[in-house]
Every structure is written in C-alpha cells, then in structure tokens.
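Got your viewer open? Load the model, have your selection tool ready, and follow along.

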Amino acid sequence: MSQYKPEPFRIKMVEPIRLISREERKKALVEAGFNVFGLRSEDVYIDLMTDSGTSAMSQAQWAAMMMGDESYAGARSYYRLKAVMDEIFGFKFFVPTHQGRAAENILAALLVRPGQYVPSNMHFDTTEGNIRARGGRPVNLIIDEAYDPATRVDFKGNMDIAKLRNFIQEKGADNIPLGMITITNNAGGGQPVSMENLRQVADTYREFGIPFFIDACRFAENAYFIKLREPGFENDSPLEIAQKIFSLADGATMSAKKDGIVNIGGFLALNDETLFQSVRNELIMREGFPTYGGLAGRDLDAMAVGFKEALEVPYLEYRLAQTAYLGENLLENGIQIIEPPGAHAIYLDAMKLLPQIPQKELPGQALSLALYLEGGIRAVELGTVAFGYVDPETGKEILPKLDLVRMAIPRRVYTQSHMDYVVEVAARIASQAESMKGYRIVYQPKLLRHFTARFEPVNERG
Ligand SMILES: Cc1ncc(COP(=O)(O)O)c(C=O)c1O
C-alpha cells in the first residue's frame with residue numbers, strides 16, 4: 001500500500017457514524033429510487049458524495065464565528081472578509097453569496113442571452129444548469145488528454161487554446177458574453193490548470209474582448225499543484241500563486257464550501273463597476289443586502305479564516321497526499337481512476353470496470369449504487385446521468401465521453417482507516433464486476449436531473 005501522510009491536526013470533537021445491515025441498505029436504496037441523493041445521511045457509513053460544505057472547520061474558524069457581527073448592513077464580519085478577499089483574490093468588487101450556484105445564477109442572469117455560448121475547460125453541473133436556464137450553451141474546450149483516464153499529465157485541466165481560438169472565430173465574440181475556466185476541473189477528475197495555460201486563456205479572451213471569469217472553487221488546491229509541478233513557482237507560496245492566478249481574470253465565482261472550508265458560503269467577485277452595480281441589485285432581490293449576501297455574519301467570519309487556512313502548506317500537503325493514497329490504492333486493486341489523482345476527489349472509470357453495461361444503461365449509476373450496497377459508501381455518479389442532455393438544436397441525446405463515479409473527500413474529516421475501508425469495498429466490487437447490471441431512468445426533471453431522478457434496475461422489466 002502507498003504511504004499515508006499523518007494528518008496535521010488532532011481530533012477534538014467527534015460525530016458518530018454507523019454501518020447499517022446489508023438488508024437495510026437494500027431497502028434504503030429502493031426507497032431512495034436508486035438515487036444516492038435520496039438516501040438519509042444516517043444510513044450512510046462513509047459519505048464521499050461531495051467535498052462541498054462537508055468539511056470540518058478548525059478551532060480558529062469556530063472561534064471566529066463567535067465574533068460574528070449580525071448587523072444587517074456594514075457588519076464588521078463583512079469587512080474582515082473583505083480584507084481577506086482583497087488580499088487573496090484582489091478584485092475591485094465582490095458580493096458574498098450563500099453558495100457557488102447563487103453567484104453563477106446572478107452572472108448568467110445578467111450576461112447570458114438565449115443562443116449565446118460560454119466556453120470553459122469544463123463547466124460543472126450547476127454552472128451548466130445556470131447557463132442553460134438562460135437559454136445559453138455551455139461549451140467544454142479541454143485538452144484531449146482529459147478524456148483518457150489512464151494518461152498522466154501534470155495539468156490535465158488545461159484548456160485547449162487552439163480549440164478556444166477556433167471556437168471564438170467560428171461563433172463570433174459577440175455571441176460569447178463571457179468565458180470561463182474551472183480550477184481545479186471538478187467535472188474532469190479534479191485536475192489542475194497551469195499558470196501558463198491560465199495566462200494563455202486570459203490573453204485569448206482579452207484579445208476578443210470577452211470577459212474572463214474563473215470558477216474558483218478549488219483555487220488553493222490548484223495553486224499548490226502549480227507550486228509542485230510548474231517550473232518557476234517552486235519558491236512561491238500558495239497565496240502568491242493564487243494572487244497571480246486572479247490577477248489574470250476579470251472576475252470569479254466561488255463556492256466557499258470547497259476551498260473556503262466552510263459549511264455554507266460563496267461569492268461573486270469582479271472588476272467591472274457597471275456590471276457590479278447590476279450584480280448588487282440582483283443580489284438584493286435574491287440573496288440579501290450586499291454586505292451579507294444570504295449568509296449570517298458568523299458565516300462570513302468562518303469563510304475569511306477558511307480561505308487563509310486552505311492556503312497553508314502543511315494542510316495542502318496532507319490534503320493532496322490523502323487523496324493520492326486513496327487513488328493509488330484503488331489503482332493497485334485494478335480499478336481504473338482518472339490519473340493522476342487530483343486533490344479533492346478520486347474518479348472511478350465506470351465504463352472500464354463494467355464494460356458489459358452499455359453507456360445508456362448507466363454504468364456509473366450502477367457502480368455508485370454498488371458502493372452503497374456493498375459497504376454503505378456514498379459516492380456520486382458524474383457521467384451520463386449528470387451530464388447527458390438532449391441537444392436543443394437536433395433533439396438528439398448527447399452522452400458524455402466518460403462515465404465516472406466521484407469519491408470526493410471532505411476536508412479534515414476521514415482518517416486512513418476510512419480510506420482503507422473504501423479501498424477494500426471497491427476491491428470487492430471489482431472482483432464481482434461481471435455480474436453487475438445497469439439501470440434506467442424512470443423519472444427526471446428538465447435540468448440538473450441527477451439530483452432528483454429516480455431509477456430502476458434494467459432487469460426489472462426484462
Ligand atoms: C467546480 C464547481 N463549480 C460550482 C459549484 C457549485 O457550488 P455550490 O454547490 O456551492 O452551489 C461546484 C459545487 O460542487 C463546483 O464543484
């Protein structure tokens with residue numbers, strides 16, 4: 001087994017978890033419509049559904065929460081957050097939002113018109129959903145290596161600059177109200193983007209007059225990958241690297257539930273004053289006054305401390321090592337993952353493990369359900385269910401290139417023995433993979449279907 005790096009913290013408060021019986025897990029799955037989003041968390045043993053909002057806050061964050069100023073306007077908490085925002089992100093304006101998708105919603109509502117395109121390396125599901133909800137079309141222009149799980153490249157989240165240029169020239173800059181990039185690339189293996197690529201992306205958008213927004217959810221993890229892997233940055237601190245990243249962009253959306261290490265929170269930041277005035281008005285209508293943006297004052301304080309903690313080297317070292325430990329041990333047990341391991345999650349290649357299940361019968365969904373049934377582990381499908389859609393122009397169903405199951409690791413929550421248990425369960429599933437069957441959707445909403453869809457096993461109706 002690969003080596004495990006000891007946690008740079010000790011545990012001061014515990015939350016009990018339990019493994020219910022196999023029979024109970026079976027029943028829970030039926031009741032959930034074979035969708036792990038429908039499970040009760042108390043019926044889950046190891047919850048790797050998401051790293052979003054599920055992390056453990058530090059004693060410094062809890063202490064900061066006690067200082068929360070709950071004034072409606074101009075709270076001290078806001079100004080403490082603003083000082084950290086100015087230091088790390090450096091945009092002229094920002095508003096807090098209750099989470100990332102609220103920032104995406106405001107941005108899409110203000111900028112995206114029906115039929116327009118928004119390129120990125122890969123959009124995450126909520127970003128896609130918010131663009132589509134305004135009649136826009138999210139476009140993924142990532143490098144080709146990203147679609148080959150077994151290829152190891154340092155910056156597999158990079159955007160393909162030639163594809164981006166061609167796309168802008170083909171569709172016309174007037175049809176592209178903003179361009180984005182996601183760091184790290186959650187939809188494609190949590191893979192980082194290099195500084196060089198970020199510069200080229202920024203230059204390309206700027207050349208065509210397209211505002212450039214970074215989806216910054218995992219900016220600290222991305223910064224640390226740059227420090228470790230990109231020549232010229234080995235002596236920079238993660239903070240300095242983050243500052244350089246954001247100096248390239250016109251704005252950012254962020255779910256602080258990731259690299260803010262908080263249970264709730266986010267922001268929308270930008271440099272354009274006119275756009276900011278509209279953002280503020282939207283925010284007041286939907287989220288709250290601009291100095292709290294749908295959060296309590298104490299949440300702003302926890303976020304301010306969390307952003308700084310997420311950039312500490314001992315924390316980042318442990319974070320990347322824990323994820324790599326899980327990933328490398330799954331590989332050693334014959335389970336293909338997206339290589340190399342990213343920072344926040346490991347992505348299992350379901351089509352490789354279950355070649356007998358056609359993509360339309362949802363191999364990723366089958367694997368995520370098997371993980372729960374076999375070991376009470378909750379991991380989420382990021383494949384045909386999450387990213388498949390019907391093309392509005394052709395009416396054809398478009399299937400994603402990969403069918404993945406993401407095991408996301410909450411920050412500072414699980415220990416080595418939990419990771420070992422996950423590997424054991426996955427290895428047991430892999431040893432009986434040939435006997436597994438697919439699923440079909442029996443209910444789905446129009447957008448973001450994976451959250452509430454219901455399924456049944458394909459053998460149920462023959
Ligand atoms: C890359 C990325 N963007 C946006 C979001 C949306 O953030 P939230 O869940 O806080 O709305 C997520 C959440 O998982 C994400 O991973």
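Here is a short tour, stop by stop.

**Stop 1: the two domains.** Keep in mind that you're looking at a predicted model. Colour residues 22-51 together with 313-461 as domain 1, then give 59-309 another colour as domain 2. The centres of these two domains, taken over C-alpha atoms, are 26 Å apart.

**Stop 2: where the domains touch.** Now look at the contacts: 25 residues of domain 1 meet 23 residues of domain 2. On the domain 1 side, select α12 (313-332), β9 (345-349) and α15 (384-387), the elements that each give two or more residues to it. Which element gives the largest share of that side? That's α12, with 5 residues. If you colour this side of domain 1 by class, you'll get 16 nonpolar, 3 polar and 6 charged residues.

**Stop 3: the ligand.** Select the ligand and the 14 residues around it; Gln-99, Gly-100, Arg-101, Phe-124 and Ser-255 come nearest. Next, show α4 (100-111) and α5 (125-133), each of which supplies at least two residues of the shell around the ligand. By class, that shell has 2 nonpolar, 9 polar and 3 charged residues.

**Stop 4: helix α8.** Select residues 219-229. Is this helix largely enclosed or largely open? Since 8 of its 11 residues are buried, α8 is largely enclosed by the rest of the structure. To see the buried ones, pick Phe-219, Ala-220, Glu-221, Asn-222, Ala-223, Tyr-224, Phe-225 and Ile-226. Then switch on what they pack against: α7 (195-207), α9 (238-247) and α12. You've met α12 already, on the side of domain 1 that touches domain 2.

**Stop 5: two cis peptide bonds.** Go to the loop between β5 (179-182) and α7, where you'll find Thr-184. The peptide bond from Ile-183 to Thr-184 is cis, with omega near -20°. Then hop to Pro-340, in the loop between α12 and β9. The bond from Glu-339 to Pro-340 is cis too, with omega near -10°.

**Stop 6: two positive phi angles.** Select Phe-34, in the loop between α1 (22-31) and β1 (46-47). Phe-34 isn't a glycine, yet its phi is positive, at about 55°. Buried or exposed? Phe-34 has 23 other C-beta atoms within 10 Å, and 20 or more count as buried, so Phe-34 is buried. Finish at Arg-412, in the loop between β14 (404-408) and α16 (416-431). Arg-412 isn't a glycine either, and has a positive phi of about 65°. With 19 C-beta neighbours inside 10 Å, Arg-412 counts as partly exposed.

Notes:
Residues numbered from 1 in each chain as written. Predicted model: local features only at pLDDT ≥ 70, side-chain atom pairs only at ≥ 80, totals over all residues. Near = placed C-beta within 6 Å. Helix = DSSP H or I, 4+ residues; strand = E, 2+ residues; numbered from the N terminus. Nonpolar A, V, L, I, M, F, W, Y, C, P; charged D, E, K, R; others polar. Domains from an automatic or database assignment. Contact = placed C-beta atoms within 7 Å. Buried ≥ 20, exposed ≤ 12 C-beta atoms within 10 Å, placed from the backbone.
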